[in-house]
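Trainee: I am new to this structure and should be grateful for a close look at one part of it. Please begin with a single helix, and then set that part beside other sites and the places where chains meet.

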Number of protein chains: 4
Amino acid sequence: MPSSAFYALIAGAGAGTGTAVALRFAQAYPVVLLARSASSYAPAVDAVRAAGGAAIGIVADASDPAAVDAAFERIARELPGARLAAAVYNAFAGFAVKPFLELRPEDLTTNLATGVHGLFFFAQKTLPQLLAAAPTAPHPPTLIVTGATASLRGSARFASIAAAKFGQRGLTQSLAREFGPRGVHVAYAIVDGGIDTPGAKGVVMNNGVEDGKIRPEAIADNYWHLHTQHRSAFTQELDLRPFVEKF
Amino acid sequence: MPSSAFYALIAGAGAGTGTAVALRFAQAYPVVLLARSASSYAPAVDAVRAAGGAAIGIVADASDPAAVDAAFERIARELPGARLAAAVYNAFAGFAVKPFLELRPEDLTTNLATGVHGLFFFAQKTLPQLLAAAPTAPHPPTLIVTGATASLRGSARFASIAAAKFGQRGLTQSLAREFGPRGVHVAYAIVDGGIDTPGAKGVVMNNGVEDGKIRPEAIADNYWHLHTQHRSAFTQELDLRPFVEKF
Amino acid sequence: MPSSAFYALIAGAGAGTGTAVALRFAQAYPVVLLARSASSYAPAVDAVRAAGGAAIGIVADASDPAAVDAAFERIARELPGARLAAAVYNAFAGFAVKPFLELRPEDLTTNLATGVHGLFFFAQKTLPQLLAAAPTAPHPPTLIVTGATASLRGSARFASIAAAKFGQRGLTQSLAREFGPRGVHVAYAIVDGGIDTPGAKGVVMNNGVEDGKIRPEAIADNYWHLHTQHRSAFTQELDLRPFVEKF
Amino acid sequence: MPSSAFYALIAGAGAGTGTAVALRFAQAYPVVLLARSASSYAPAVDAVRAAGGAAIGIVADASDPAAVDAAFERIARELPGARLAAAVYNAFAGFAVKPFLELRPEDLTTNLATGVHGLFFFAQKTLPQLLAAAPTAPHPPTLIVTGATASLRGSARFASIAAAKFGQRGLTQSLAREFGPRGVHVAYAIVDGGIDTPGAKGVVMNNGVEDGKIRPEAIADNYWHLHTQHRSAFTQELDLRPFVEKF
């Protein structure tokens, strides 16, 4: 990859939001994609390269601190001297919708691992880099976290994921208050609706209305907008939902 | 003004946010500016024309239904056949920060007139036009309302304005739920900080930190972003605040 | 009425919540009931007297400042020297659930009159009395306001009442922040469900489940609890809903 | 301990809130106290017995499922046939207020263990018992969880505890929606202020104003009130703060 002053980093680079965000940010920066397996990030890497951008995929489980450490060491080798312009935490590992008394402790542990611990490690690694980039970056360095309906609402049968996403929101809000005044923009996007990913093709939402699922490209446009907001007008939290979604 | 298929309408077209929003939307549409006096909208009209755009100023108090009616009749005459692409409710008439027991009934009446009644009249006039524009408009027709810190928080000594801005938020949220599924995007922008208007030049905020006041152009960029969001990913509410603002 | 050191005042003294609250507070204080007509407060007055308590009914429209003034003058004559221990703002004038474009300006005006203006007048009259009672009252003097689902959520077709109840919540919150430190407890009770009033007998809610409507006596118990909270642990806001209510 | 039809269970039975809640509920039920060490629950057990009540202390770390299992086995042996009327989750293990980049992974793990995992285990053990008690209990069986300022607000330097307390709130809210319709009352009390515990004697809060710290007995009165609410008017969430607290 050619030397570049700045790069973008996306954790959770699957075929939907991750790929769309990678494509959008790759218009400006080389992008590094973290995923739990090479097959997860492959579509994003291929798409970026096909569009003429630069992409590196790295296998790393966001909730494994050693794996995250190793990923950052590899980034330092592959992109020597590059500063981090934007970091997106989009890791997602699914969740069980079931009666509370049928949840196993592992359901909770898994949701918290991806939703909270993973963001904690990711933020501890990226925030120092984002702080370092602040004086010279073209836009305020940005940490964007992908939230969900369960970030705002603990619905019946969503106990485990609600614990994780509420927790993620609280963590993100605290980071925004601490790092905003130091020039780093921390934003939380509450994706309140089903996303039109390849995996959701067969799932009918909002009665099958056109645009009743959120287009990944629309999410990506919003993330890019958050990244390019002037520092006199940072958004900490915004919701994104299909025009027909009940809320 | 030359014939044009679509236009934008801004109520509350003062020298700060109103002018910046007018300039931004005038890059795409002729803009119509409503203000309580010609001297209020003059800077916006002049700025748009100087930038090569088209602008019409109309004197109308947003909280006076007869004046609002007359304004819309004039728009129909001046822009025959034009459809409404975006309407921005930015009317503001100041407010008193003082102990509750010193507030006069007129303080409350004035705040509700601008914050709630005016939005009610404006929305009743613009929503039918926005609905009519939906099938052919380049972006989902949009109603954007300017909120404030007092929309979310009833601080001590802010009783009257909190009543008005909370009320405005409730009204806007209801409109979003009713008109979103019909293709009209209703969004509320919570401007949580002082704006760097000409009138605020002498007011020190956030210890005078550069960008410690919100740039009107930054608000305008966010309003344009809201207007151009894809309908599969509408934002209903977002906050905007300086990076150094306490919240 | 015999002389008494303290009294309670209830605005909006209809056959449901108003009567139940009157009965509960009449166990400790003489109660004064304000309503728009004598027929509204009559059941409450009769019920209190039948239970051995003392009650005065006064005709006053809470949104008419002259009527409110006259009511307080009459209270001063009838209860000379009595201090105000608790004031409950429970005024309610119904509301229209209909498409926004079918609402008339009068719908909004009516909802704001009862929800916001009336509370404003009531609070300006009662807060000085509550402050005066603070040093000697058996419990922290209390202003309790009755909220509703529409205080928290602007649903489609609820635009007018959402504007009023959101506004009421903002006003109450501001009063809590200003008067709490002066020893007056200002609380907002969000009644999130249908109330089992005489007028609602024929209305089926929650599939007719027993206790699927809120018992007025249960609301009254909560208001009394709020009134008797120790000042080291004031509640500003609580929700009340039937166990089977969706929320 | 004599046989009794119902009992109350308190996890986190320290010298402040835990002891006060134990004393309050012991007026109606034998109480079982869980704490990480016998020295933690000893003051509560002693206080209850001195007041003429019945109390059992059991050592159990709420975040250790095996210890929780063992505790419930012991309860079954010591109180054969007794049904659970009320369960209070008040476990607390302190937290670090420090810059995010100085937090260690263990800080987060510890906060989540007590705030989220422990509540998860406790709820899985107690909810079946509360459901079983519903048909015959004198009041709706109740699960009350102690929240904090950090449940609502992610302040700078509070990242780890905000993650845990937000998560706890989301979990509790989900349980309320699932178990309320089955007759079990799940409530979250947001304790928004310093508590006047023995350990806080030397800590000045609110400028040392009398009642500027929350009295544990006042918290206990509120928990008892929540427990005795009629099921037609359950509170899901309430805040408790000193009258002089800034919020």
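Mentor: What follows starts with one helix and moves outward to a loop, a surface patch, two interfaces and several charged pairs.

This is a predicted model, in which local features need pLDDT of at least 70 and side-chain atom pairs count only at pLDDT 80 or more, while totals for chains, interfaces and linings use all residues. Residues are numbered from 1 along each chain as its sequence is written, chains are lettered from A and ligands numbered from 1 in the order in which they are written, and side-chain values use heavy atoms, with hydrogens and water left out.

The helix is H1 of chain A, residues 17-26 (helices, H or I, of at least four residues and strands, E, of at least two are DSSP runs, numbered from the N terminus). Nine of the 10 residues of H1(A) are buried, so the rest of the structure largely encloses this helix (buried means under 20% relative accessible area, exposed over 50%, partly exposed in between, with a 1.4 Å probe and protein chains only). Those buried residues are A:Thr17, A:Gly18, A:Thr19, A:Ala20, A:Val21, A:Ala22, A:Arg24, A:Phe25 and A:Ala26. The cover over them includes strand S1 (6-11), strand S2 (31-35), helix H2 (38-50), strand S4 (83-89) and helix H6 (216-228) of chain A.

Within this helix, A:Thr19 deserves attention. Its relative accessible area is 10%, and A:Thr19 is therefore buried. A polar atom of its side chain lies 2.7 Å from the backbone oxygen of A:Gly14. Apart from neighbours within four places in sequence, A:Thr19 is in contact with A:Gly14, A:Pro43, A:Ala44 and A:Ala47 (contact means heavy atoms within 4.5 Å).

In chain C, C:Ala13 sits in the loop between strand S1 (6-11) and helix H1 (17-26). Its relative accessibility is 1%, so C:Ala13 counts as buried. Beyond neighbours within four places in sequence, the residues in contact with C:Ala13 are C:Gly18, C:Leu33, C:Leu34, C:Ala35, C:Ser40, C:Tyr41 and C:Ala44. Although C:Ala13 and C:Ala44 are 31 residues apart in sequence, their C-alpha atoms are 6.7 Å apart in space.

Turning to the surface of chain A, A:Phe92, A:Phe95 and A:Val97 make a nonpolar patch of about 280 Å² (patches take residues with over 30% relative accessible area and no salt bridge, joining like charges within 9 Å and nonpolar side chains, namely Val, Leu, Ile, Met, Phe, Trp and Tyr, within 5 Å; accessible areas come from the Shrake-Rupley method with a 1.4 Å probe, and for residues only the protein chains shown count as cover). A:Phe95 is found in the loop between S4 and helix H4 (105-133) of chain A. With a relative accessible area of 35%, A:Phe95 is partly exposed.

Next come the interfaces. Between chain D and chain A, 39 residues of chain D are in contact with 39 residues of chain A. These two chains bury about 3200 Å² between them, 69% of it on carbon and sulfur atoms (buried area is the accessible area, 1.4 Å probe, that two parts lose on being put together, summed over both). The rule finds zero salt bridges across this interface of chain D and chain A (a salt bridge is a side-chain nitrogen of Lys or Arg within 4 Å of a carboxyl oxygen of Asp or Glu). It does find 18 residue pairs in polar contact across the interface of chain D and chain A, both residues at pLDDT 80 or more (a pair of N or O atoms within 3.5 Å; within protein, one must be able to donate a hydrogen and the other to accept it, and residues adjacent in sequence count only if both atoms are side-chain atoms). On the side of chain D that touches chain A, helix H4 (105-133) and helix H5 (159-179) of chain D each supply at least two residues. H5(D) gives the most to that side, with 14 residues.

Where chain C meets chain B, 39 residues of chain C are in contact with 39 residues of chain B. The area buried there is about 3200 Å², and carbon and sulfur atoms give 69% of it.

Lastly, 48 salt bridges are found over all chains. One of them joins C:Asp69 and C:Lys125 through their side chains, at 2.7 Å from N to O. C:Asp69 lies in helix H3 (residues 65-78) and C:Lys125 in helix H4 of chain C, so the pair ties together parts that are 56 residues apart in sequence. In chain D, D:Asp107 forms a salt bridge with D:Arg104, the closest N and O atoms being 3.1 Å apart. D:Asp107 is buried at 11% relative accessible area, whereas D:Arg104 is partly exposed at 42%. In chain A, salt bridges that share partners join A:Lys98, A:Arg104, A:Glu106 and A:Asp107 into one network.
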